[in-house]
Amino acid sequence: MPLRVHSMKDTLIRLYNYTCKRFFHHDSPLCLHTIRNELLRFEGGSVDLQIDNQTGIAVMTLNNPRKMNAMTGKMMVDMSDCVHELEQWQEGKGLILHGKGGNLCTGGDLCFVKKALHFGDEMAIYQHDTLTRLLNLPLISVALIQGHALGGGAELCTACDYRVMSPGGRIGFVQIKMGLTTAWGAATRLTKLLGRRKALELLCSAKILLPSAALVSGLVDHVLPEGCENELLETQKWLLENFIAFDASLMRAIKSQVVHAEHAADVALALEKERKLFVQTWGGPAQLKALAANIKHKAPLKS
């Protein structure tokens, strides 16, 4: 077991060094620290972590409900810190990602976006690092989709192993309506998850999926029953019953094995390409037009 954990850490370190060498032309992963300091300038909201050693389940909560849990720079740093804490948690078996106040996340906070149009490349690098580490945690991770999971919020869902949806949930990759491509690695992860044709359909159509359509597409793994009083507790039960009923060390070892098998393909190159395409749209005419029209807060089409 120690050899497996050490090996996965080595893989992540190599990915960090690859990122820094490729994008910042030096070997040290301290480049992420530089980006972190800049992101902290964009305040608002938080990402909170609760760890339960008894159940082995942690809950990561996006906490910016006044803005439907849209992500600020500070929240991105918080999320990275939460992932770091989970990387050190030896008793853990599962993780649930959810949002406070009835929505998961609606992507980037517009105030942050408008002030960070010069900073898209760095933000994407930081989020690629955080979400790759999140997906590779030796925990079975579940995104609980309540209310809206749009744009970057939908991207966050792809950084979890599974997705559970509330009957009132909505999920959609609406970046194209905002004059953008995916910023946080979802094109790479979605293609791996659903294949080329389905990924193209979801990314190019900007469809907002209701639970039934999301389940049929394969994007969502389970829809919670109607009238559920505590959807977070119901998701915990689903996770316990289906994936983490056995010994923690075995669960963690199996997750690590799967992660290593998946890393046989060159994810870093795919993320690099995705980042370069995103940067061409960040701060471009289409995004500026969408920002000026305040498109993000207009009622989306449903399917």
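Two strands count as paired if DSSP finds at least two bridges between them. By that rule, 6 strands of this predicted model form an open sheet with mixed pairing. The chain has 13 helices and 8 strands. Of its 303 residues, 52% count as buried.

**The chain as a whole**

- Contacts in the chain with a separation of 6 or more are dominated by distant partners: residues 24 or more positions apart account for 77% of them.
- The chain exposes about 13800 Å². Carbon and sulfur atoms supply 57% of that area.

**The sheet**

- The strand order is β1-β2-β3-β4-β6-β8.
- The edge strands are β1 (46–52) and β8 (222–223). Each of these two pairs on one side only.
- Strands of a sheet pair through backbone hydrogen bonds, either parallel or antiparallel.
- Strand β2 (residues 57–63) and strand β3 (residues 94–99) run parallel, joined by 6 bridges. Within this pair, I57 has G94 of β3 as its bridge partner.
- Strand β4 (residues 140–145) pairs with strand β6 (residues 162–165) over 4 bridges, also in the parallel sense. Here A143 stands opposite R163 in β6.
- Strands β6 and β8 run parallel and are joined by 2 bridges. M165 has V223 in β8 as its bridge partner.

**Helix α8, side by side**

- Helix α8 spans residues 196–205. Its buried residues include A199, L202 and L203.
- Those three lie on the same side of α8, because they cover an arc of only 90 degrees around the axis.
- R197 and C204 are exposed on the other side of α8.
- Helix α7 (186–194) is part of what covers the buried residues of α8.
- Just after α8, A206 takes a positive phi of about 60 degrees.
- A salt bridge also sits in this helix: K198 forms it with E201, the closest N and O atoms being 3.2 Å apart.
- K198 and E201 are 3 residues apart in α8, so about one helical turn separates them.
- An α-helix has 3.6 residues a turn, so residues three or four places apart point the same way.
- Both ends of this salt bridge are partly exposed: K198 has a relative accessible area of 25%, and E201 has 32% relative accessibility.

**Other salt bridges**

- A search of the whole structure finds 12 salt bridges.
- K67 forms a salt bridge with D109, with the closest N and O atoms 3.2 Å apart. This pair links distant parts of the chain, 42 residues apart.
- K67 lies in the loop between β2 and α3 (73–88). D109 lies in the loop between β3 and α4 (110–115).
- The two partners differ in cover. D109 is buried, because its relative accessible area is 6% and buried means under 20%. K67 counts as partly exposed, at 25% relative accessibility.
- E38 and R41 form another salt bridge, with the closest N and O atoms 2.5 Å apart. R41 counts as exposed because its relative accessibility is 54%, and the cut-off for exposed is over 50%.
- A network of salt bridges links E87, D129 and R133.

Conventions:
Residues are numbered from 1 along each chain as its sequence is written. This is a predicted model: local features need pLDDT of at least 70, side-chain atom pairs count only at pLDDT 80 or more; totals for chains, interfaces and linings use all residues. Side-chain values use heavy atoms; hydrogens and water are left out. Buried means under 20% relative accessible area, exposed over 50%, partly exposed in between (1.4 Å probe, protein chains only). The arc is that of the directions from the helix axis to the C-beta atoms. Contact means heavy atoms within 4.5 Å. Accessible areas come from the Shrake-Rupley method with a 1.4 Å probe; for residues, only the protein chains shown count as cover. A salt bridge is a side-chain nitrogen of Lys or Arg within 4 Å of a carboxyl oxygen of Asp or Glu.
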